[in-house]
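Hi,

Here is the structure I promised to pass on. Have a look at it, and then read on for what turned up.

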Amino acid sequence: MGACAGDDEPADGVVTLELFQNKSEAIGVYDELIAQFEAENPGIRVEQNNVPDALSVLRSRLVKNDPPEVVALNGDQNFRGLAQAGVFRDHTGAPALDGLNPAAVRALQDLTQQDDVLAGVPITLNAQVLLYDVDLFEQAGLAVPTTWDEVVATARAVQDAGGTPFAFTYKDAWTAQAVWNTITPQTLPEGFWDDLRAGDATLTDGLTEAATKMVELLDYANADPFGTDYNGGNTAMARGEASMYLQGIWAIPAIRAVNPDVRLGAAVVQWADSDEPAAMVSGIDQVLTTVEGAAHQAEAERFIAFLTTPESQQALSDGLAVFPARPDVEPADDLLAGLKTYLDEGRITGFPEHQMLAGVNLGGALQTFLYSRDPRSLGAQLQAEWDAAYERESL
Amino acid sequence: MTTSRRFAYTVGAVALLAFFAFHTLPALQGFFYSLTNYRGYGDWEWVGLKNYELLFSDARVGRAYRFTFGFAVVAAVLTNVISLALAVGLNGRIAFRRTLRAVFFVPNILSLLIVGYIFNFIFSSAVPQIGSALGVEALSTSILGNPDLAWVGIVVVSVWGASAVTTIIYLAGLQTVPVEVYEAASIDGATGWRRFSRVTFPILMPFVTINTLLTVKGFLMVFDQIIAMTGGGPGDATRSMSVLIFSAGFNAGEFAYQSANAIIFFVVIALVSLFQVRTMRSRERV
C-alpha cells in the first residue's frame, strides 16, 4: 500500500505519492493520467488508492497522523468540514490554477465559506439539471421548458397524452435532495444563506416556494415515486417510461448504460416566478488538494498541476462525463458541451445542500414533507434541526 | 496449584485480556470522547456533560427511541410466538423432520444485510408489480416508501432472520421435557392445547426467558436490515438508535455527541435486560 511509502526516501531518489480519491468511477481515468505523468516525471511515482467509505478512512488516517500526499474528493459538505478544520493547505496562487475557470475557483471558496483561503484546486465540475427524453418530446411536438410555467404546461401536455411526465425517485433520500437542489436556489432571496447564519432569515419562510413547487410536481409523478429508487428512475428514463427527470449529470452515463440508444436532452430552468435568465446549479465534482503536514509537497503540487493541463482536462471530462474546470476544453459529449456555456459565462450557483449544517437530516425531512404534501412542514422541520445542529456544533 | 488449574487461569486471563482490549477499552474511549466536542478529526476541547445535556432536548433521539422500542417489542413477540409454534411442529412426529429442521435454520446462515437487499427488491419491485397486476390498490406501491408502513417491512425481515436461532433454542428446550411427564399428563386426560399450556410451556419457561432476552436485546440494536432496506427513512420513520448513532456520528461530524448518545443507550439496554431477567426469573418458579 502507498500509505506508508511517502515517509521513507528510497535510495534511488524516486518519490512515491499516494493519490487518495473517493470516486470509484474515476479509477480507470486516473490510472491512465498517472501513467502519462510518471512517463514525464521519472523521479515521481503515484499510487492510486480508492477505498469504500473513503471519508471515514481519510478521517481515521488524519487522526493517526498518516495523511496521503494527494487527496481527491467531491466538493460537498464533508469537504467543507475538513477544509474549515484547517486540514488542507492553502492553494491561493498555485500554478495548477493557471487557465482554470475563475467561476470554478469561486465555487470552491463559496463551498468552504473561506474568502482568504483556497482549500484546493477544482479539476472537474458537475451540474444539476432537467433531463428529458428527446424522442418523446419530438413525438409529442413539445418545446424544451425553461420556466416554471412551461415545465407545468409541458408536464400537463404529457399527462393528457397518457404519458408519465416525471420520474421521481423519493425512496432514496439523496435523490430527493437532488430534486430539491435543482429547484431551490432560484427561489431563494439574494444572500439567503448568509442571512440564515446571521439569524436574519429562517428556513421556515425561505423554503416555502420551492416546497410548494415540489409538491405540485408530485401530480405529474410516476406511479410510485416513494417506492422508486435511483436505479429505478434511471431505468425508467432509459426505457422511455418517463419524459423528464430532475437529476445530476452523473445520471447520464448510468441511463445510457441501461439503453445506449436513448437520446437525452438537458435544460436549465428558471424555477422562480421571474423573467431573469436562470443560473445552472453546479458543484465541484473533484477537488484536488494536499494535507497540511503531508510529505513531498512540491511533487504533489506538480501532479495536481498536471491534472489541470488541457490534455488531462479533456481526458477527465470525457472519461467521467463531467465538465472540465478549464474554459478552453470542450467536452466531447454534445449534451455537456451545450451546458458548458453556463460555466464559461460564470452563470452558476452552488448546491444549496452544501450550505446545510452536517447534523441536519435534509434527505429525511424532504421524504417526510413530500409524503405529507404539506409545504410549510419542510422549512419548519429543517429550521428546528438547524437550530439543534447549530447548538451542537458551537460546543 | 495443579496444572489443570494453572491452565484454567491462563485461558481465562487470555480471554479477559482480549475482552478488555476489544470491548472494554473502546467503551471507555467512547466515554472519554463523549466529554469532548471531538468531530472525529481535527482539534477538540473538553465540554464536560454538555453533550449529555443536549441529548435530552434532541427530537431525533426521542423519535429514534420510540421507533426502536416499538419495533423491538413487536418483533420480539412475533419472533417468539412463531418460533415456539415452529419448534413444537418440528418436534412432532412428522415426515422429513431432519430436513425441515435444516431448512428452517437457513435464515441464520445468510447475512442479514444481503437478506435485507433481497427483501428491499421484493417490497419495492415484486410486491407492487403483483399488486398492480391483481388490481389491489394497497399492494401496488412499495410499503418501504410509506413512512407509516415502512416499519412493517423491517419487522418482516427481522422476524424471518431471527426465528432460526430462536426456533433451535426452543427445540432444544422441548427435548428437556421428560417423556414421563407427558405420560402422566395423558393419564390425567390432558391433550392438545391443554397439554401444551399446562405441561410443556411451564417446563419451557427458562427457554422463553433466554429467548425473550436475546431477541429484545438483538432487536434494540437493529441496524443491518435497516441500512439495506430504508437507510432509516422515509424521513426518519425507521431510524433506530444504532442507525442514528452510526450515521450522525460518522457522517455528520457528531462523533463526540453520538458517543454520549451511545453511552446512554448502553445503560438503557443494560437496565432493560436486568429488568427482564428479574421479572421472568420470578415467573420461572411456577
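The lining of the largest cavity is made up of nine nonpolar residues, three polar ones and no charged ones. Keep in mind that this is a predicted model. That cavity has a volume of about 60 Å³, and among the residues around it are A:Val129, A:Leu130, A:Gln186, A:Trp271 and A:Met280. Strand 4 of chain A gives the most to this lining, with three residues; helix 7 (173–187) and strand 8 (280–289) of chain A are also among the elements that give two or more.

The count comes to two cavities of 30 Å³ or more. The second largest holds about 40 Å³ of space, and its lining takes in residues of both chains, including A:Tyr170, A:Lys171, B:Met229 and B:Pro234. Here the split is five nonpolar, three polar and one charged.

Now for where the chains meet. In chain A, 22 residues are in contact with 32 residues of chain B. Together the two chains bury about 2200 Å², with 53% of that on carbon and sulfur atoms. On the chain A side, A:Lys171, A:Arg392 and A:Leu395 lose the most area to chain B, together 29% of what that side buries. A:Lys171 also helps line the second largest cavity.

Between the chains there are two salt bridges. One of them joins the side chains of A:Arg392 and B:Asp58, at 3.2 Å from N to O. Helix 16 (362–372) and helix 17 (375–393) are among the chain A elements that give two or more residues to the side touching chain B. That side has seven nonpolar, nine polar and six charged residues.

Cheers

Conventions:
Residues are numbered from 1 along each chain as its sequence is written. Chains are lettered from A and ligands numbered from 1 in the order in which they are written. This is a predicted model: local features need pLDDT of at least 70, side-chain atom pairs count only at pLDDT 80 or more; totals for chains, interfaces and linings use all residues. Side-chain values use heavy atoms; hydrogens and water are left out. Contact means heavy atoms within 4.5 Å. Buried area is the accessible area (1.4 Å probe) that two parts lose on being put together, summed over both. A salt bridge is a side-chain nitrogen of Lys or Arg within 4 Å of a carboxyl oxygen of Asp or Glu. Helices (H or I, at least four residues) and strands (E, at least two) are DSSP runs, numbered from the N terminus. Ala, Val, Leu, Ile, Met, Phe, Trp, Tyr, Cys and Pro count as nonpolar, Asp, Glu, Lys and Arg as charged, and the others, Gly among them, as polar. On a 1 Å grid over the protein atoms alone, a cavity is a set of points where a 1.4 Å probe fits but cannot get out, and a pocket is an open set with protein on both sides within 12 Å along at least five of seven lines; lining residues have an atom within 4 Å of a point. Grid points are joined across faces, edges and corners, and a volume is the space filled by probe spheres set on the points.
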